[in-house]
Amino acid sequence: MSHNYVVTAQKPTAVNHCVTGNFTSPTDLNLIMAKNNRLEVFIVSPEGLQPVKEIGIYGLISVMKLFRPCDEEKNLLFIVTQHYNAMILECVGRGESLEIVTKVHGNVADRIGKPAETGIIGIIDPESRCIALRLYDGILKIIPLEKESGELKAYNIRLEELTVQDIEFLYGCANPTVVLIHQDAHGRHVKTHEISLKEKEFIRSPWKQENVEPEAAMIDLVLMCLCALCFPQSPWKQENVEPEAAMIVPVPAPLYGALIVGQESITYHNGSSYITVAPPILKQSTMTCYGRVDPNGCRYLMGDMAGRLFMVLLDGEEKEGAERDIQVELLGECSIPECINYLDNGVVFVGSRLGDSQLVQLRVQPDENGSYLTVLDSHTNLAPIVDMVVVDLERQGQGQLVTCSGAFKDGSLRVIRNGIGIHELASIDLAGIKAMWSLRVGAGGDGDGDGDELFDNTLVIAFVGETRVLSLVGDEVEETEIAGLASDQQTFFCSNVQHSQILQVTASSARLLSDSTGRLLSEWRPPGGRNISVVTANTCQLACAVGSDLFYLEIESGEVVQKSMTTLEHEVACIDLTPSAGQQRAELAAVALWTDISARTLSLPALQPLCKECLGGEIIPRSILLAEFEGVPYCLVAMGDGSLFYFHVHLKSGLLTEKKKVTLGTQPTVLRAFRPHSTSSVFACSDRPAVIYSSNYKLVFSNVNLREVNHMCTLNTRAYRNSLALATDTTITIGVVDDIQKLHIRSVKLYESPRRIAYQESTETFGVLSMRLDEQGSSCLVAPRPSASTEAKTITQSSSSQLHRPSLQQLEQGQEVEVHSLLIIDQHTFEVQHAHSFVPSEYALSLISMKFDNDPACYFVVGTAYVNPEESEPKQGRIVVFQYNDQKLNQVSEKEIKGACYSLAAFNGKLLASINSTVRLFEWTAEHELRLECSHFNNVVALYLKTKGDFVLVGDLMRSITALQYKAMEGNFDEMARDFNAKYMTAVEILDDDTYLGAENSHNLFVCQKDSAATTDEERMQMQEVGRYHVGDMVNVFRHGSLVMQGVTESMAPTSGCVLFGTVQGSVGLVTQLEPEFYSFISELQHQLTRVIRPVGKIEHSAWRAYRCERKTEPCEGFIDGDLIESFLDLNRDQMAEVVRDLMITDSSSQRRAATVDDIIKAVEELTRIH
Amino acid sequence: MTGKNTEAGGSQAGSSSSNMNQNIPEFLRGLPCRDSKNFSKFSADSGPKSSGKKAPIYLPTTDHPSEQVIVTEKTNILLRYLHWRWEKKLQDQSKKRGAGTTDGEEGASARKRPRTERSDPSP
């Protein structure tokens, strides 16, 4: 039995479909994006796209269309999933009460039928009479949209045309009429079919045009025009259109007809006449998608595979004696589009699968580059994740993911880390900073001329035994002095306070200064000349402790007045007086004490003790803070060992409740409040700095991409607005924090397709295999655009002469050729240090960084194949060993191999390679050469390799996985066990010695176990499939590693191991193992959740997660859907209670009892922290 | 942002190409506008934030029964086609019979009819 938990850390980002219409209300203009199994609904507003809702669908969305039945005021959404679940959705209500109602649902699969190679196509009659689905070859499924009955009776119509490239409904037809492009042995043809909904058949066309020359069609013009008078559209066909015609664009009234878009031409056909244009500009690439601009169908935006956006104009008026004209205008370049939607006022949404989706403004005048496009906004997209590595660049004990994302001109590396990014704006070198504060000094601060906003202009910095002042004017920084400020002592606290004063507190006194002149106004000293040990203040109150004596003072004009004093049991360690939200004055003081290690609340102004909470242990509290998150008051206490306690505070009674503990760092931590983007947050300064904020009324602890921060203060100057000043041992960094988000993604554009990535710690570099498309020029290959491999600091090439390789066939001019390169990229700057290009027919397929036995050097090893289009399988390839040293990449060794090297792995100081159907082990000789040691043959194509100790896991093209054991003594591989099911593998991973994880091309995950204890060889040989799960996306890569700091929370969920995976749709997920007992508990929770959550489209959760491939469907087993589990936290309290109703939990004293909502929240919260 | 476009939209296409290029190219003239306020307050500052802002997740817990369920007709496609043709033929024949004409094929078809009906419910 296997106990796995799968959860998505990053939801899919590729935009597959996009529609616009009035979905949320008759007046809202909506944009709806489909990202794999999620819908994102936006409203077009003056500010841009406003997100409304994100809707999960239990299935990969294959078809998404908006349509409006004649009696409806708004659009309905029609969806078909990859597994043929169809649904019609309506949006009801607004805001919080918004509901997505499944009006119609049903499965439209047929028991027999060959799924069409060109995918599922779904189209809706413009008059909403019926829906047509092309699911299987030779069959068109019609769903009549009848209102009356409770059943929509779908039926199939036989399509003579087997290979349908594209199909659409025509506008303005008496009966629903489809137009399609189909392919046969002679080429591609266009044809229309009129559907009789009554007879459930195509209607025979009134006149036939079989085998008529296109010219001959003109003779029938008169007849056709007569027909056209009766109905704008009558059946027609056009044989032998362009051989690559692939897209049909139906044209609405008043023109009717359709545009047929091919690789080189665009044809407009309206049944009676046609016109074709083939502008040279089209030749370079192929149109893949379109978006209609005008409701009357005059203009269309079209996008091609190269990411060029065109405007296609269909001349509306048929002039006397002149034919209609089609104009094709290049607008400019955008991300490689998957869908294009005109929104409003010249703004277009370009959805992309291979690059970031963009919001683009059409400019009426071209910019300096001749482009009519301005990119307003872009939506990050990681898809397709082809490869990735987990590295700990900052050495904080937290992994980051570097992915090979995107393709072609939109190829990039993405650096993904959990936490919050600080964008550095400036830095000042200053060592030994103890603390700092920002101030407004001078006449009303630096606030003149910019409304009411007051800007800081000064930074007060405390050092041991002195205080220095920096003035910040613009981006200039200079040291200055404030007359009344005690600069010969270490400042403990400094701030602007009420009545235009500045408060400075040192060990000896609290000083009030005028903020305009900086003159000292008054000074308060603790009685008996004792020294202040800790202090805090807000704009009108001040609290300071002298040993165990606590003084409360109020700031008045020209003086601070002591209001009360108390003596506590022990010395005060830290203190806070933050007023509750929206208040000037604090009603409560929070203190933490030495010796008994307690946190306490005291009333103000009397300093009456209200509540005492012992924290336990012997570590001294270092910082205490009252903070309000999402309206909930908390008290945070940071300890000397980097751990943090937090409580809920009752503001009236001062009660501290619901104590929790997390570990943030290992060093004393200082807490500072700040407000980025108007959400209240707390910055925890330590060796592992973190930002604390609240999401869904839960505290989130997010790491920051800085190594160490000793102190922090907010800074809002004219030049650095809403910034933070962060002090490390040696520098002050001024920066802004990112929007609060869990995964932080940084993009490193390569402008070519990254394929493989490997990290080399010793040289602090990444090796990246990438591919660019060059064009054959008149004499040589030409790179059409600058990209990573052409812009590297140094460039080398494999020389083609010395290689025994198949000769390249003659290339036509303009033909595209793949050129593969090895890029060496600096881990800090992400600059391409070196690019080594392979000869055009040599494809680089695999890459690792490794060390060999008896050789201290670290190498990049590349596996290649020579690709000859005439061979069914590569017959030759190379394994090339490179060393990067002193900014130079040198080829150390190469080995000719008989096939394609699909995968490489370091294995006991040797090199393991999968070459075509074989797995081969190479030794590294003293002469720096690779020598074959042994091989294993028993695969179709060995695509993937993973190793652990002496074990090797092989993923085959179609024969699932095999586990091998290396026998060092015999020097051979022993086949231990094999999964005998047929599976087309896409990625494999070893979970432990006996357990293996695989992903296959029907979007499933499975876990196989080797049964070492079995009695017979035959049983031992056979792997048991112990886990099955439909993950709903194609997994390209598995990597061991984690995105979170290990051991942050005290009571982490009982999980072990963590394998991250990257997918084609740009999602990142993880698979971890749960303890059996916890697994059954979470499994029961999952069951209860499926009872309460009613899926949109009425697809059962069990059907969605069932292992499903072409031949069989088996229930999900051995896996828990973490996405469903985490959705528990998005339920309201009542719904949570409904889920929890029948759940039992084993508490800390091993007692079985009914679980409470809070038990489950805690358990699920802990599970969310694993990613 | 689009005010100029709508103005220029009225002018005739192709009247003066040089003049046209100096102003707004025909293919970008009079871009559709549903609400002129849309995107009017869009700023580069608010832009990246809007894409970073996450929509609340819709989690349905109330069960709305579907008004309609899609079911696929189980009849074999070929049989339905034959049946349909048969009916059509019968209709034609009854018309012809009404006109008082018969031909030799009619008998043959009439004999075949029961067979079609018998095999009909088999799938």
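1. Let us start where domain 2 of chain A meets domain 3 of chain A. In this predicted model, six residue pairs are in polar contact across that interface, with both partners at pLDDT 80 or more. Three elements each give two or more residues to the domain 2 side: strand E82 (995–1000), strand E83 (1004–1009) and strand E84 (1024–1030) of chain A. The largest share comes from E84(A), with six residues. By character, the residues on the domain 2 side that touch domain 3 of chain A split into seven nonpolar, six polar and four charged.

2. It helps to know where these domains sit along the chain. Chain A is divided into domain 1 (423–443 + 454–741), domain 2 (943–1041) and domain 3 (1074–1168). Between domain 2 of chain A and domain 3 of chain A, the contact draws on 17 residues of the former and 15 residues of the latter. The C-alpha centres of these two domains are 28 Å apart.

3. How much area do domain 2 of chain A and domain 3 of chain A bury between them? The value is about 1,300 Å², and 51% of it is on carbon and sulfur atoms. On the domain 2 side, the residues that lose the most area to domain 3 of chain A are Arg1028(A), Tyr1029(A) and His1030(A), which together account for 58% of what that side buries. If you want a place to begin looking at this interface, try that run of residues.

4. Charged pairs also cross this interface: domain 2 of chain A and domain 3 of chain A have two salt bridges between them. Have a look at Arg1028(A), which forms a salt bridge with Glu1114(A); their closest N and O atoms are 3.1 Å apart. Arg1028(A) is also one of the three residues that lose the most area on the domain 2 side.

5. Now to the two chains. Here 87 residues of chain A are in contact with 57 residues of chain B. Together the chains bury about 6,400 Å², of which 54% is on carbon and sulfur atoms. Which three residues supply more than any other three to the area that chain A buries against chain B? They are Pro46(A), Asn345(A) and Val364(A), and their part comes to 11%.

6. The polar side of the chain A and chain B interface is worth a look too. Between the chains there are 45 residue pairs in polar contact, both residues being at pLDDT 80 or more. Strand E9 (residues 99–107) of chain A gives the most to the side that touches chain B, namely nine residues. That side of chain A is made up of 37 nonpolar, 20 polar and 30 charged residues. Six salt bridges are counted between chain A and chain B, including one between Lys88(B) and Glu199(A), whose closest N and O atoms are 3.8 Å apart.

7. What about the cysteines? Over all chains, the structure holds zero disulfides. Why is Cys298(A) without such a bond? The closest cysteine sulfur, in Cys33(B), is 17 Å from the sulfur of Cys298(A), so it is too far for a bond. Cys635(A) is in no disulfide either, and its nearest cysteine sulfur, that of Cys574(A), is 8.9 Å away.

8. Some backbone details in the loops of chain A deserve a friendly flag. The peptide bond from Ala253(A) to Pro254(A) is cis, with omega near 5°; Pro254(A) is in the loop between strand E19 (247–250) and strand E20 (258–261) of chain A. Another cis peptide bond runs from Ala383(A) to Pro384(A), with omega near -20°. Pro384(A) lies in the loop between strand E30 (373–379) and strand E31 (387–391) of chain A. Asn36(A), though not a glycine, has a positive phi of about 55°, and its place is the loop between strand E3 (30–35) and strand E4 (38–45) of chain A.

9. Last, a closer look at one arginine. Arg525(A) is in the loop between strand E42 (520–524) and strand E43 (534–537) of chain A. Leaving aside residues up to four places away in sequence, Arg525(A) touches Ser508(A) and Ser509(A). Its side chain is joined to that of Glu523(A) by a polar contact of 3.2 Å. From Arg525(A) to Thr506(A) the separation is 19 residues in sequence and 9.8 Å in space, C-alpha to C-alpha.

Methods:
Residues are numbered from 1 along each chain as its sequence is written. Chains are lettered from A and ligands numbered from 1 in the order in which they are written. This is a predicted model: local features need pLDDT of at least 70, side-chain atom pairs count only at pLDDT 80 or more; totals for chains, interfaces and linings use all residues. Side-chain values use heavy atoms; hydrogens and water are left out. Domain bounds come from an automatic or database domain assignment. Contact means heavy atoms within 4.5 Å. Buried area is the accessible area (1.4 Å probe) that two parts lose on being put together, summed over both. A salt bridge is a side-chain nitrogen of Lys or Arg within 4 Å of a carboxyl oxygen of Asp or Glu. A polar contact is a pair of N or O atoms within 3.5 Å; within protein, one must be able to donate a hydrogen and the other to accept it, and residues adjacent in sequence count only if both atoms are side-chain atoms. Helices (H or I, at least four residues) and strands (E, at least two) are DSSP runs, numbered from the N terminus. Ala, Val, Leu, Ile, Met, Phe, Trp, Tyr, Cys and Pro count as nonpolar, Asp, Glu, Lys and Arg as charged, and the others, Gly among them, as polar. A disulfide is a pair of cysteine sulfur atoms within 2.5 Å.
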